[in-house]
Amino acid sequence: MDPIRNPFAPGAGSPPPELAGRDEIISAAEIALQRVLIGRHNKSQIMLGLRGTGKTVLLNKIGQLAESHDHLISFIEAPENRSLTDLLYPKIHQVLRKLSMVENAKAKAHEASRALRSFASVFKISMGDVSLSVDPEPGVADSGILEFDLGDLFVRVGETAKMAGKAWTLLIDEVQYLSTGDLSALIVSIHRMNQKQLPVIFFGAGFPQIAALAGDAKSYAERLFDYPPVGPLDDAAAFAAVRQPIEDEGETISNEALEEIVLRTEGYPYFIQEWGYQAWNVANNSPIDKGDIEAASSLALKRLDEGFFRVRFDRLSPKEREYVIAMANVGSRGPYRSSDVADRLGESTQKLGPRRAKIIRKGMIYSQAHGDIDFTVPMFADYLKRTSIKP
Ligand SMILES: Nc1ncnc2c1ncn2[C@@H]1O[C@H](COP(=O)(O)OP(=O)(O)OP(=O)(O)O)[C@@H](O)[C@H]1O
Ligand SMILES: [Mg+2]
């Protein structure tokens, strides 16, 4: 059918034509945002899921909702190897600038800017184009201990937002890339704002192990956050994710075809977009039927193998590749025991520890329970079996 009208949106963070199966998460977020604005307590949230499950899409959606409910928002994507302070500085600067336009909040915004200035100098943040013309405020956010100073700064921002009759939403994507120190400081700072009942809320997203990491960093993290799982879609949601966009374009798809897509994609959102996209292009006309899905599947897999899967595999060194291939050889679905992987490689678990840690840092695998390991990319073992494992 006409590729120009193809509604599907396979990509990173690209809004799907139908955001299926996430109503609960969205409505919980919307309630939280409104509660916070009127000074009621609400837990912050960290959405947990594998690659391509729709975390970024949800964070963006929540960001939009926040803006529509009178929140100022700061959206950060934590890249590997950059400090949280560098990332936060320009965002907080921007929020304070906006708040300073509100007459009531001018004085508080000025104080907060001074705290930001202290913070920037003690953490040697390169201010670049975003320089501050205020003097630092001695004794505020300048101890050099991130946990205290970030808390001071957040409290100032929260107080300013409150004076302005607004709220502040901080959104951080890829939380797993934050260093342990940054994650701890973030948790402490959110905790402090909660205690002071400031109109601030945090939404994060990242890999499933974050819940455990946050708990290790501060034992109260468990009570501070909700951790909504962002997993594969259930059958009804997966059906809707494919059918709705097609029907919105005035076309149709058969039930057998829908079932086949759900079977092949296991309900993973990114795969659903990829299959929907190919199925639309392959089909000559409505209804899209099961035969079209057969043809679409090989195209979709080819695209995934050359893109989504490949880019991640390419980032591994030869030794690291050996490790993940050994995982895939243990079985096509995780979690895997590290000891089984070690046996496959004929090495000791201990000796493989550093290698395993490097692959975790690269975001390719994660460990949720001691001694267990799994891929962060759904169906990655199948990919390795298709492409890298010689018989
Ligand atoms: N609820 C949904 N229904 C249908 N498609 C969705 C849904 N959520 C996300 N998608 C689609 O899935 C793809 C991946 O979404 P997104 O980039 O948000 O995932 P992610 O979890 O952030 O992945 P990563 O961990 O790689 O950053 C996009 O093409 C998006 O359009
Ligand atoms: Mg993402």
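Student: How many residues of domain 2 are in contact with residues of domain 3?

Tutor: This is a predicted model, in which local features need pLDDT of at least 70 and side-chain atom pairs count only at pLDDT 80 or more, while totals for chains, interfaces and linings use all residues. Residues are numbered from 1 along each chain as its sequence is written, chains are lettered from A and ligands numbered from 1 in the order in which they are written, and side-chain values use heavy atoms, leaving out hydrogens and water. An automatic or database domain assignment divides the protein into domain 1 (23-226), domain 2 (233-306) and domain 3 (315-387). With contact taken as heavy atoms within 4.5 Å, six residues of domain 3 are touched, and the number from domain 2 is seven.

Student: Which three residues supply 69% of the area that domain 2 buries against domain 3?

Tutor: The C-alpha centres of the two domains, domain 2 and domain 3, lie 30 Å apart. The buried area, which is the accessible area (1.4 Å probe) lost on putting two parts together and summed over both, is about 560 Å² here, with 61% of it from carbon and sulfur atoms. On the domain 2 side, the three residues that give more than any other three are E266, F271 and D305.

Student: With which residue does E266 form a salt bridge?

Tutor: A salt bridge requires a side-chain nitrogen of Lys or Arg within 4 Å of a carboxyl oxygen of Asp or Glu, and this rule finds two across the interface of domain 2 and domain 3. In the salt bridge of E266, the closest N and O atoms are 2.5 Å apart, and the partner is R333.

Student: At roughly what angle do the axes of α9 and α10 cross?

Tutor: Helix α9 (residues 235-248) meets helix α10 (residues 255-265) through D235, A238, F239, V242 and R243 on one side and N255, L258, E259, I261 and V262 on the other. The axes of α9 and α10, lines fitted to C-alpha atoms over the stretch in contact, with angles from 0 to 180 degrees between N-to-C directions, come within 10 Å of each other and cross at roughly 115 degrees.

Student: To which residue is P335 joined by a cis peptide bond?

Tutor: P335 lies in the loop between α14 (318-330) and β6 (336-337), these being DSSP runs (helices H or I, at least four residues; strands E, at least two) numbered from the N terminus. Omega is near -5 degrees for the cis bond that P335 shares with G334.
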